[in-house]
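The following exercises are to be worked with the sequence and the coordinates at hand. Each task is followed by a solution in steps.

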Amino acid sequence: MDDLLTEFVAETREMLGALASEVVAWEADPADRARLDTIFRFVHTVKGNCGFFDFPRLAALSHAAEDALADVRAGQRSADRRLVDAVLAVLDRIGAMIEEIERGASLDDGNDEPLIAALKGEAEPADAPASMPAGSTPVSPATAEQRTIRLPVELIDQVMSGVSEMVLARNDLARRMQAMGGDCGLEAPFSRLSALLSEVRDAITRTRMRRIDGLFATFPRLVRDLSADLGKQVFVELENGEVELDREMIELIRDPLVHIIRNAVDHGIESPAERRAAGKREAGLLTVSARQTGNTIHIGIMDDGRGIDADRLAAKALAAGIRTGEQIAAMSREEKIELVYEPGLSTAESVTAISGRGVGMDVVRANIEKFGGSLEIESLPGEGTRFQIRVPLTLSILPSVTVEAGGQTFGVPRSYVEEIVSTAGGNLEFDEVGDRRFLTFRGRRLPCISLGETFGLADVGAGEDEDASLFMILRLGWGDFYALAVDRIFDHHELVIKPLSPGIMQCGLFVGCTQLDDGTPVLVLDVAAIGYGAGIPRELRRPGIAAVAATPAEREALRVVLLHGLDGERRAIAMSAVEQVERVASAAVRHPGPGARIVLGEEILPLAGVSGTGDLPEWLTVLRLGDGQRRVAYAAREVLEIASLTGAVSPVEGRPGLAGVTLIDGEPAELVDCHALFARHANAAAPALSCRLAGEADGWMRSFLGPIVEAAGYRIAAEGEPADIAFIEDEDGGAAAGIRKAIRLSDRPEDVPGAGIYRYDRAALMAALLRAGQELAA
Amino acid sequence: MSVMMLVVVIAGRRTGLPAPAVNSVIDLASITPVPRAAPHVAGLAALRSRPLTVIDCRAALGLEPEGGAAARRRAVVVEHEGHLYGLLVDAADAIVASRAEAGPIGADPGPGWREVASGRIETEAGALLVLDLAVLIQGVGARAAAA
């Protein structure tokens with residue numbers, strides 16, 4: 001009996017959880033039969049189950065709700081607001097009763113009459129009996145159709161650690177077999193065992209994962225109740241609930257998410273009147289989305305409210321004495337927004353029931369950082385606020401790099417590692433400021449921290465031989481970088497992280513420990529704590545505008561990649577734009593010429609640096625350039641070296657795509673204008689629109705206008721082919737058959753209202769072409 | 001009511017740990033040091049797949065190290081607040097039955113010992129100081145610093 005009851009409680013609670021979002025969706029659209037059916041099935045199931053147990057109150061409540069909903073299903077009643085509220089209240093009451101049943105308390109004789117009366121509403125007592133097929137089996141909500149069983153998490157953990165031990169035993173066995181040498185007749189069964197073990201390990205890892213929509217499902221209800229209390233209207237949009245996350249992680253992010261959502265509804269989204277005045281829809285929109293990239297889950301919470309008032313925050317910080325007037329004057333808007341993390345600051349005018357109760361964003365951020373996550377805020381005044389939370393997929397398995405310092409092995413979570421550089425190549429520059437060394441990496445000066453020194457470990461082997469130093473460039477959550485010097489870098493592992501005892505956690509330098517294949521324990525570094533502990537200033541996280549302007553010396557020393565173009569010219573491209581360099585067969589190039597494309601892996605990119613006429617060599621070197629969003633490939637014969645741009649750049653006339661010519665190591669090199677490159681190819685990345693060049697001045701258009709049109713990313717349409725745009729002369733009136741958009745040309749330079757664009761006004765022509773392209777694409 | 005006690009030798013003195021609290025007694029093959037940890041934390045070891053925090057009991061008592069932790073390999077494994085600890089001791093040989101309940105120590109047992117002892121117990125093998133696990137794991141020095 002006890003087991004049955006436990007099962008009943010767990011099942012009911014699970015269904016309640018899944019139902020929360022269904023109810024709100026049903027309220028938004030009472031005609032939604034599928035949702036209504038889901039809710040109806042729930043109360044019906046509860047009522048049915050009550051038959052096994054002695055819960056008269058629960059039975060009466062669910063019975064009343066079932067009746068009311070049955071009427072709606074039969075079309076005898078409409079789902080008005082009062083009914084929805086009453087149904088919600090019943091679900092809440094059922095939830096509360098389930099809690100009590102679980103605690104083992106007997107349900108007291110509470111009065112459910114008002115609730116039942118509310119359910120009945122003004123509709124006449126249901127005289128027609130609810131026509132439900134008797135004895136229908138309990139149906140679980142449509143969202144969970146898989147067969148499931150419930151297991152205590154401890155059991156899964158136990159299995160997990162058992163499997164980990166089997167892996168260690170397997171590795172030990174492998175070592176012994178190797179030591180025995182040669183043919184011991186065990187290889188085949190051993191490799192079979194090994195493969196099976198890997199499978200079991202994967203499967204058991206997956207049992208710890210859960211879809212995030214279980215968490216998301218509670219948000220619509222939360223927002224509904226909050227906004228009702230505040231007299232606001234807020235829609236919730238949930239995206240990508242199918243992303244899976246470690247169940248422990250889901251529990252850990254629940255509170256931070258709820259806090260941010262409360263804030264968004266309370267402070268972010270304006271009242272309907274304010275929104276109307278601001279020209280927005282009365283109902284605010286809150287979007288909660290999840291996305292997985294690699295081993296990181298990004299959770300975004302976006303509202304279209306009033307945004308964070310940076311100046312008011314600054315004023316509060318001033319009033320509270322957290323910042324001085326001078327400091328505030330020097331702050332950018334972004335820096336002011338980050339004041340929300342200061343303990344004790346809130347933009348809320350008054351403490352409401354919902355937020356502003358002393359638990360601030362500082363606590364939220366600290367809680368997220370505690371388990372290796374990060375939180376970022378972006379806000380536009382009047383447009384809304386976006387919170388981005390990044391958390392690792394799981395707490396227990398961490399892709400890591402193992403390194404050695406002072407003769408000891410440590411693990412470093414790979415997510416922090418931006419790059420590994422070595423002084424062996426001789427390409428690294430160092431500066432010393434006091435005792436602190438700085439490494440120049442991609443145009444940034446990064447403070448160096450020696451892991452051995454930090455830990456007070458003796459320098460084993462490496463000695464003073466700085467030439468052989470290895471540096472891991474580490475990126476902390478906030479865009480703070482530093483270089484960690486280590487003696488050796490071994491390998492990449494998927495490490496199973498185990499918690500450390502509090503005594504060791506106290507020193508704050510480790511996130512946990514793990515075991516190598518031979519069973520040796522290895523400490524996993526908390527690289528953020530090590531970095532900040534060694535004095536990496538947190539303020540560096542955003543190089544403020546002032547800081548950029550104040551360091552012209554650094555900006556002058558632009559790092560460039562020197563190459564030989566396909567035409568044999570020596571060229572330079574800003575290093576910061578280069579994402580990757582690879583050798584590619586020329587067969588990957590399509591349509592040689594201005595509209596060339598190249599297939600790189602799974603990407604098709606516009607290819608620059610190829611002329612229309614010349615034959616391509618069999619193999620090319622291709623530089624993948626990126627601006628953070630788009631990519632353009634640049635073809636070269638070979639990459640020469642990486643150099644610093646120190647001399648002046650003299651502009652070249654008539655060579656679009658070139659920023660100018662400069663001297664590098666005494667020889668001239670053409671500096672590629674990345675801006676022009678992306679401006680041109682960004683458009684070309686969309687399927688090319690066609691342009692017809694025909695009319696009276698046919699010859700002029702082809703020879704004069706053609707290059708501009710192609711430079712703007714258009715394809716020149718063949719004679720008689722329908723085209724996206726066309727140029728028409730001022731004189732000839734129509735003649736625009738089969739044309740989606742026409743650009744009118746004028747042959748008079750004067751600015752005549754209503755006339756077309758002067759045919760030699762290059763800038764206006766380009767602008768018109770780009771505008772037409774955007775309009776057509778939209 | 002008789003209690004079983006494990007006789008543990010620390011710094012040449014015989015002390016006792018309640019036997020039910022002891023998971024096992026092992027000889028550690030290797031200890032991974034933990035940089036910047038408290039001095040009495042000798043490092044990490046592994047008991048099968050579980051990490052073991054190794055406590056140098058002599059250092060935990062605030063006594064001068066003698067021979068260093070490296071010389072001692074015998075460890076008493078205990079579980080405390082969900083974590084496994086290995087207590088490095090000189091020896092841990094016998095399990096003896098107590099003759100009476102643990103009582104007050106009676107007289108000051110000396111520096112280090114006075115913080116780490118929770119009482120005195122009479123056993124078949126004579127009187128033993130009963131160790132307080134929590135204090136031992138935290139370390140007497142750390143406790144003094146916190147106070």
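Contact means heavy atoms within 4.5 Å. The model is predicted: local features need pLDDT of at least 70, side-chain atom pairs count only at pLDDT 80 or more, and totals for chains, interfaces and linings use all residues. Residues are numbered from 1 along each chain as its sequence is written, chains are lettered from A and ligands numbered from 1 in the order in which they are written, and side-chain values use heavy atoms, with hydrogens and water left out.

**Exercise 1.** Determine whether A:R275 is buried or exposed, and list its contacts.

*Solution.* Step 1: Place the residue. A:R275 belongs to helix 11 (residues 272-277) of chain A; helices (H or I, at least four residues) and strands (E, at least two) are DSSP runs, numbered from the N terminus.
Step 2: Apply the cut-offs, namely buried under 20% relative accessible area, exposed over 50%, and partly exposed in between (1.4 Å probe, protein chains only). A:R275 has a relative accessible area of 0% and is therefore buried.
Step 3: List the partners. Leaving aside residues up to four places away in sequence, A:R275 touches A:I269, A:E270, A:K280, A:R281, A:E282, A:A283, A:G284, A:D304 and A:G305.

**Exercise 2.** Establish the strand order of the five-stranded open sheet in chain A and find the helices that pack on it.

*Solution.* Step 1: Two strands pair if DSSP finds at least two bridges between them. The order is 2-4-5-7-6, with mixed pairing.
Step 2: Strand 2 (234-239) and strand 6 (374-380) of chain A are the edges, each pairing on one side only.
Step 3: Strand 6 and strand 7 (residues 384-392) of chain A run antiparallel and are joined by seven bridges; A:S374 stands opposite A:R390 in strand 7.
Step 4: Angles run from 0 to 180 degrees between N-to-C directions of axes, which are lines fitted to C-alpha atoms, for helices over the stretch in contact. Helix 9 (residues 219-230) of chain A lies across strand 2 and strand 4 (284-293), at about 165° to strand 2. Helix 10 (residues 247-268) of chain A touches strands 2, 4, 5, 6 and 7, and its direction makes about 15° with that of strand 5 (296-303).

**Exercise 3.** Characterise the interface of chain A and chain B.

*Solution.* Step 1: 23 residues of chain A are in contact with 17 residues of chain B.
Step 2: The buried area (the accessible area, 1.4 Å probe, that two parts lose on being put together, summed over both) is about 1,700 Å², and carbon and sulfur atoms give 65% of it.
Step 3: A:E165, A:I504 and A:P521 supply 28% of the area that chain A buries against chain B, more than any other three residues.
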